[in-house]
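The following exercises concern strand pairing, helix packing and backbone conformation. Each task is followed by a worked solution in steps.

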Amino acid sequence: MAFMNLNNFFHIKYDFNFLKIEKKSSIKNIILKDYILKSYKDEINPNGETFIYQGIKEQIFKENDEILVLSIGRKIIFFKNLTQNSDNLGEIQTKQSLLLSFLFFGSLFFASLFLMEFSILDLLFLILCIIVLIASSISTNLLFRHINLLKKFSKDEIKEFLKKRKNVKA
């Protein structure tokens, strides 16, 4: 059992990155727009990493923009474009609020089914809905805390923090 490591399954690792966009490419779908952002190599990003973002708005990134991103792996969850003074924080808050309300009403629906018919299957769906609702509310709380941190700090404070963090990791 020593080979089993469930940390990646139970613990989602968010990572803050500050990058200056070297190259941007975009692909437009029917509703969403996919962006592939490659960063310059500098002291904060020594590897010149590539990130992926999928959003609704168009023309939110330009080359040489400085952005702060919260990502899981290489996928950008939310960003703050410090050059254009734009972000997707409102979009994230709306999506998370819709998800929580959907899960809440789903739980109410399965609770009413269980109370009317007393079916074990309804009880299982109710328990599943409640578990997902609790996990999503914890995740939403964490995301909202990260958003509040992003709103509080200036560009220089963020750069200094990330430089110190990179030096500690090395």
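**Exercise 1: A residue in strand E4**

Leu 68 is buried, with a relative accessible area of 2%. The model is a predicted one.

Task: Determine where Leu 68 lies and which residues it touches, not counting residues up to four places away in sequence.

Solution.
1. Leu 68 belongs to strand E4.
2. The relative accessible area of 2% is to be set against the cut-off for buried residues, which is under 20%. Leu 68 is therefore classed as buried.
3. Beyond four places in sequence, Leu 68 touches Phe 16, Asn 17, Phe 18, Phe 78, Phe 79, Lys 80, Leu 150, Ile 158 and Leu 162.
4. A separation in sequence can be set beside one in space: Leu 68 and Asp 15 are 53 residues apart in sequence, and their C-alpha atoms are 10 Å apart.
5. For the strand as a whole, 6 of the 7 residues of E4 are buried, so that E4 is mostly covered.

**Exercise 2: The strand partners of E1 and E4**

Task: Establish which strands pair with E1 and with E4, and in which sense they run.

Solution.
1. Strand E1 (residues 14-28) is joined to strand E4 (residues 66-72) by 7 bridges, and the two run antiparallel.
2. Two residue pairs fix the register of E1 against E4: Tyr 14 stands opposite Ile 72, and Asn 17 has Val 69 as its bridge partner.
3. E1 also pairs with strand E2 (residues 33-39), in the antiparallel sense and over 7 bridges. Here Ser 25 is partnered by Ile 36 of E2.
4. The connection between E1 and E2 is a hairpin, with 4 residues between the strands.
5. E4 is in turn joined to strand E5 (residues 75-81) by 6 bridges, again running antiparallel. The bridge partner of Leu 70 in E5 is Phe 78.
6. The hairpin of E4 and E5 has 2 residues between the strands, and Gly 73 takes a positive phi near 70° in it.

**Exercise 3: The packing of H2 and H3**

Task: Classify the relative orientation of H2 and H3, and describe their contact.

Solution.
1. The axes of helix H2 (residues 89-117) and helix H3 (residues 120-152) come within 9 Å and cross at roughly 160°.
2. Since angles over 145 degrees count as roughly antiparallel, H2 is roughly antiparallel to H3.
3. The handedness of the crossing of H2 and H3 is left-handed.
4. The contact of H2 with H3 comprises 21 nonpolar, 8 polar and 3 charged residues.
5. Ser 107 serves as a local example, being placed in helix H2. With a relative accessible area of 8%, Ser 107 is buried.
6. Leaving aside neighbours within four places in sequence, Ser 107 is in contact with Leu 126, Cys 129, Ile 130 and Leu 133.

**Exercise 4: Positive phi outside glycine**

Task: Locate Asn 64 and Asn 85, and decide whether each is buried, partly exposed or exposed.

Solution.
1. As background, most residues other than glycine have a negative phi.
2. Asn 64, a residue other than glycine, has a positive phi near 70°. Asn 64 is found in the loop between strand E3 (50-55) and E4.
3. The relative accessibility of Asn 64 is 40%, and the residue counts as partly exposed.
4. Asn 85 is not a glycine either, yet its phi is positive, at about 55°. Asn 85 lies in the loop between E5 and strand E6 (86-87).
5. The relative accessible area of Asn 85 is 68%, and the cut-off for exposed is over 50%, so Asn 85 is exposed.

Notes. Residues are numbered from 1 along each chain as its sequence is written. This is a predicted model: local features need pLDDT of at least 70, side-chain atom pairs count only at pLDDT 80 or more; totals for chains, interfaces and linings use all residues. Side-chain values use heavy atoms; hydrogens and water are left out. Axes are lines fitted to C-alpha atoms, for helices over the stretch in contact, and angles run from 0 to 180 degrees between N-to-C directions. Angles under 35 degrees count as roughly parallel, over 145 as roughly antiparallel, 65 to 115 as roughly perpendicular and the rest as oblique. A crossing is left-handed if the near helix is turned anticlockwise from the far one by less than a right angle, and right-handed if clockwise. Ala, Val, Leu, Ile, Met, Phe, Trp, Tyr, Cys and Pro count as nonpolar, Asp, Glu, Lys and Arg as charged, and the others, Gly among them, as polar. Two strands pair if DSSP finds at least two bridges between them. Buried means under 20% relative accessible area, exposed over 50%, partly exposed in between (1.4 Å probe, protein chains only). Contact means heavy atoms within 4.5 Å.
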